[in-house]
Amino acid sequence: MKPYERYRTRRLLLALTAAGGLLLTACSGGGDSGEGSKAADRDISGLPAPAHGDEDGTSEQEDQDREAAPDHLSTFALDVDTASYDYARRALADGRLPDPSTVRPEEFVNSFRQDYERPDGDGFSVTVDGARTTDEDWSLVRVGLATRTTERTGERPPAALTFVIDVSGSMAEPGRLDLAQESLSVMTDRLRDDDSVAIVTFSDEAETVLPMTRLDGNRDEIHDVVSELDTRDSTNLGAGVETGYETAVEGLREGATNRVVLVSDALANTGDTDADTILERISGERREHGITLFGVGVGSDYGDALMERLAGKGDGHTVYVSDEDEARKVFCEELPRNIDLTARDAKAQVAFDPETVEEFRLVGYDNRRVADEDFRDDRVDGGEVGPGHTVTALYAVRTEPGAEGHLATATVRWLDPDTRDPHEESGDLETDALHDSLRAAPSRFQVTAVAAYFADALRSGDDRHRRLPGAPVSFAELADGARALAGATEDGAVRELAEAIEQADRRRD
C-alpha cells in the first residue's frame with residue numbers, strides 16, 4: 001500500500017472510531033483523552049491545518065499531508081542566527097565557560113556548512129534524514145532547509161543600509177568600535193554604486209551623522225564619517241534603534257532592500273533597556289515598510305539576551321564578532337549576502353507519525369516556538385532568510401520498538417518577499433532510511449550532531465540525565481570525534497569546533 005493510501009485509510013479508521021465514540025458518549029458528555037493514550041484514542045481536532053486548495057476546495061497537497069495527533073507536531077520560526085556559538089568560542093578563548101543561558105543549540109548547529117540540495121528559485125528545498133544512536137530506540141533526525149545559492153548577486157535589488165553604531169564608553173575596548181570602523185571602511189569600498197548608506201551613532205543620546213547617501217561618488221565622505229567615530233558617555237540603545245529606524249524611513253528607497261544594522265555590545269544602561277519596549281516603539285516602521293534588523297554583537301562583555309531578542313522579534317538575525325577576520329567576513333561577505341531576501345515569515349512544521357514515534361525533542365529553538373495552529377496563519381511572525389543560507393533543526397526521536405514505515409514529514413512555509421504570496425515545500429522520512437549509526441551517517445550529519453552535543457553539554461553541565469541520546473560521556477570523547485571530522489571534511493570551521501570543545505574540557509577540570 002502506498003504511503004498516502006495508508007494515511008487515507010488511517011483517517012477513515014480514526015473518523016469511524018470518533019463517530020462510534022460520539023454515539024457512546026453523547027449522553028455522558030465526555031471521555032478519556034489522556035496524553036498516554038494511543039493515536040486512535042487521541043483528540044484529532046489539532047491536526048495540521050489543511051493546505052490551501054483550489055477554488056473547489058481540493059488541494060494537490062492533500063494526498064501528501066501526514067496527519068498526527070497534536071502532541072506529535074513541532075512548529076517553529078526559522079532562525080539563521082550564529083551569535084551564541086561565536087560568543088561561546090570567545091568565552092572559552094578567554095578562559096571561561098559560557099553562561100548556560102547564552103547557549104542556544106540551534107545557533108551552534110547553524111554555524112556549519114551543509115550540503116543540502118539547493119532550489120532553483122526563491123524559497124526552500126527540504127531534506128529530512130536521520131541516524132540511530134547507541135541509546136535503544138533513539139535516533140537523531142535532521143530537518144535541513146536550504147535557499148538558492150548567492151551566484152545571482154548581480155540580480156539583487158539595491159540596498160539602503162542604516163548603520164546604528166554604539167559609541168558609548170564601553171565600546172572603547174579593543175575589538176569593539178575599532179573593529180566596526182575597519183570593517184565598515186572595507187565594506188564601503190565593496191558595496192555597489194547604486195547602494196546607499198546612512199549612519200546613526202548613540203551613547204546617552206542618538207544622532208544621525210550621515211543621512212541616506214548613495215555610494216556612487218560619495219565613498220570618500222562615508223569613509224570620513226566612519227573614521228571620525230569616537231566613544232563617549234553611556235549606552236542608550238533604545239534611542240539608537242529608534243533613531244536608526246526613523247533615519248531608515250526618511251531615506252527609504254522603493255525597490256530597494258531597506259535594513260537597519262545595529263553594531264553594539266548591547267550593554268544598555270540608559271533609557272529603554274527592555275527589548276519589547278524598544279520594539280514597540282519601532283513597530284510601525286517594521287510592519288509598514290518591512291525594514292529588517294541585522295544585529296552585530298561585539299565585546300567580551302556582551303548583552304546577548306537583549307541583542308538576540310531585538311533581532312529575533314525585529315524580523316532579522318544576529319551574529320557575533322571578536323576579531324578582525326570575523327568582522328570582515330560579517331560585513332564584507334555575510335551582510336551583502338543578507339541584503340537580498342528570498343523568504344519572509346518562514347516557519348517549519350514537523351509532523352511525527354504517531355504509529356512509529358513514541359516521543360521527540362526539538363534541540364534548541366526555545367525562543368522560536370510557534371503554536372501548531374499558527375503554522376498557516378501568515379499574520380504570525382516567522383523568520384527572514386536570504387540566499388545562500390541553510391537552516392537545520394535536529395530532533396531526538398524515540399521510535400516504537402520494532403516500528404517500520406513512515407516516520408515524519410517536514411513542511412516549510414514562507415511568504416514571497418515581494419508579493420507576500422504564501423508557498424510551501426515538504427519532505428518525508430521513512431524508518432528504513434535511518435542510518436544504522438551516527439558513524440554510518442554522512443560527515444555533515446555527524447558535524448551537526450557534534451555541534452548539538454557540544455551545546456547540550458554546555459547547557460546541561462554535569463546532569464547527564466538531561467543529555468541528548470547517544471551523547472559522548474565527556475568533552476574529551478566529543479573532541480576526539482570533532483578532530484576526526486575536521487580531518488575528514490578538511491573544514492577549518494570544524495577544526496575550530498574541535499578546539500573549542502578541547503578548551504571546554506580544560507575549563508571543566
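Let's start with R89 and D86, whose side chains meet in a salt bridge, N to O at 3.6 Å. Keep in mind that this is a predicted model. Both residues belong to helix α2, and because they sit three residues apart there, about one helical turn separates them. Is this pair buried or exposed? R89 is buried, and D86 is buried too.

That bridge is one of 33 salt bridges that turn up in a search of the whole structure. Another one to look at joins R104 to D304, where the closest N and O atoms are 2.7 Å apart. This pair links distant parts of the chain: R104 is in the loop between α2 and α3, while D304 is in helix α9 (residues 304-313), 200 residues away in sequence. Here again, R104 and D304 are both buried.

Now move over to the strands. R398 makes a salt bridge with E359, and the closest N and O atoms are 2.7 Å apart. Since R398 lies in strand β13 (residues 390-399) and E359 in strand β11, the pair ties together parts that are 39 residues apart in sequence. What about exposure? R398 has a relative accessible area of 27%, so R398 counts as partly exposed. E359 is partly exposed as well, with a value of 34%.

Salt bridges can also join up into something wider than a pair. Which residues are linked in a network of salt bridges? They are R90, D94, R96, E173, R176 and D265.

While you're looking at β13, pick out T399, which is also found in that strand. T399 has a relative accessible area of 5%, which means that T399 is buried. Its C-alpha atom is separated by 7.8 Å from that of S139, although T399 and S139 are 260 residues apart along the chain. A similar kind of long-range contact involves L434, found in the loop between β15 (422-430) and α11 (443-460). L434 is 302 residues from R132 in sequence, yet the C-alpha atoms of L434 and R132 are 6.5 Å apart in space. With a relative accessible area of 6%, L434 is buried.

On to the aromatic side chains. How many aromatic pairs are there? The count comes to 13. Take F76 and Y365: their ring centres are 4.6 Å apart and their planes are at 45°, so the pair is tilted. A tilted pair is one whose planes are neither under 30 degrees apart, which would make it stacked, nor over 60, which would make it edge-to-face. F76 lies in strand β1 (residues 73-77) and Y365 in the loop between β11 (357-362) and β12 (383-385), so the pair ties together parts that are 289 residues apart in sequence. Both of these residues, F76 and Y365, are buried.

For a second geometry, turn to Y85 and F108. With ring centres 5.2 Å apart and planes at 70°, this pair is edge-to-face. The two rings link distant parts of the chain, with Y85 in helix α2 (residues 83-93) and F108 in helix α3 (residues 105-109), 23 residues apart. Both Y85 and F108 are buried. They have company, too: Y85, F108, F112, F454 and F475 form one aromatic cluster.

Next, the surface. D220, E221, D224 and E228 gather there in a patch of negative charge. One of them, E221, is found in helix α5 (residues 219-227). Its relative accessible area is 40%, so E221 is partly exposed.

Finally, a couple of backbone details for anyone checking torsions. Which residues other than glycine have a positive phi? D233 is one, with phi near 55°, and D345 is another, at about 50°. D233 is found in the loop between α5 and α6 (237-250), whereas D345 has its place in strand β10 (residues 343-352). The relative accessibility of D345 is 14%, so D345 counts as buried.

Methods. Residues numbered from 1 in each chain as written. Predicted model: local features only at pLDDT ≥ 70, side-chain atom pairs only at ≥ 80, totals over all residues. Heavy atoms only, no water. Patch = residues over 30% accessible without salt bridge, like charges linked within 9 Å, V, L, I, M, F, W, Y side chains within 5 Å. Areas by Shrake-Rupley, 256 points an atom, 1.4 Å probe, with all protein chains shown as cover. Salt bridge = Lys/Arg side-chain N within 4 Å of Asp/Glu carboxyl O. Lys, Arg positive; Asp, Glu negative; His and termini not counted. Charge placed at Lys NZ, Arg CZ, Asp CG, Glu CD. Helix = DSSP H or I, 4+ residues; strand = E, 2+ residues; numbered from the N terminus. Buried < 20%, exposed > 50% of the residue type's maximum accessible area, 1.4 Å probe, protein only. Phe/Tyr/Trp six-rings, centres within 6.5 Å; stacked < 30°, edge-to-face > 60°.
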